Every structure is written in C-alpha cells, then in structure tokens.
Amino acid sequence: MKHCQWCDVNFTTKISYQIYCSSTCREAATREKIAERYAASRRNRRHGKVRKCKSCGSNLSAYNDDPLCVNCSVNPSEVSKALKEIKGLMNGKSITD
Ligand SMILES: [Zn+2]
Ligand SMILES: [Zn+2]
C-alpha cells in the first residue's frame, strides 16, 4: 500500500517509485513544484539586484516596487498643500459630501 503525496489517498501500484496515485496528481504536483521554483528564482533575482532611488540614489528595499525610496516617493510640497487644505476645511464651513 502506498500513500499519494498529493491527495493523501492510499493506493496500490506495482511501480516501486510511484508516489502519486494517478497521473492527474503527478501533474498537479509537478506544476506546483515548477511554480514554486519559479517564485523562488524570482525572489532570488530580486534580492541579488541592488536598485537605487531615482531621486536621491539611496538603496531601495527589495520589496519596494517604486523607482523612488520612501522619503522621495512622498512629495513634501504635495504633503504641505494637503495639510493646508485640511486646515482650511477645519477652519471653514462644515465638510459636506
Ligand atoms: Zn493522488
Ligand atoms: Zn530617495
């Protein structure tokens, strides 16, 4: 009696090296392995490559998809403008939707 590595079902086979009950399970497991390997190689490639911020040149995090670092992706003038708008709203009339 053998135990399928994919669907956890018990099965019998004459082939000693068979670890899946059916070709469907074998294909599914193979596909998953390929996907895993692909994801791992993508991760490795990303970590191996040092990317720099387009604005200030500091190293970017491997998880940062933007071409700018955290400091540069926030535009200071935009932030102060937004803050002024919020202040204006609070000082002025009530906010209506
Ligand atoms: Zn199976
Ligand atoms: Zn930067």
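The following legends describe close-up views of two zinc sites in a predicted model.

**View 1. Coordination of the zinc ion (ligand 1) by C4, C7, C21 and C25.** The SG atoms of these residues coordinate the ion at 2.3 to 2.4 Å; donors are N, O and S atoms within 2.8 Å of the metal (3.2 Å for Na, K and Ca), with water not among the atoms, so sites may look incomplete. The angles among the four donor atoms are 105 to 116°, and the site is tetrahedral (for four donors, all angles between 85 and 135 degrees). Along the sequence, the donor residues have the spacing C-x2-C-x13-C-x3-C.

**View 2. C4 and C25 at the zinc ion (ligand 1).** C4, in the loop between β1 (2-3) and β2 (10-11), and C25, in helix α1, link distant parts of the chain, 21 residues apart. Helices (H or I, at least four residues) and strands (E, at least two) are DSSP runs numbered from the N terminus. C4 has a relative accessible area of 0% and is buried, and C25 is buried at 8%; buried means under 20%, exposed over 50% and partly exposed in between (1.4 Å probe, protein chains only).

**View 3. Coordination of the zinc ion (ligand 2) by C53, C56, C69 and C72.** Each residue contributes its SG atom, at 2.2 to 2.3 Å. The site is tetrahedral, with angles of 104 to 114°, and its donors follow the spacing C-x2-C-x12-C-x2-C. Because C53 lies in the loop between α1 (23-48) and α2 (70-73) and C72 in helix α2, the pair ties together parts 19 residues apart in sequence. C53 is buried at 5% relative accessible area, whereas C72 is partly exposed at 23%.

**Notes.** Residues are numbered from 1 along each chain as its sequence is written, with chains lettered from A and ligands numbered from 1 in the order in which they are written. Local features need pLDDT of at least 70, side-chain atom pairs count only at pLDDT 80 or more, and totals for chains, interfaces and linings use all residues, while side-chain values use heavy atoms, leaving out hydrogens and water.

Key
Four donors count as tetrahedral if all angles lie between 85 and 135 degrees; four count as square planar and six as octahedral if opposite donors are over 155 degrees apart and all others between 65 and 115; anything else is irregular.
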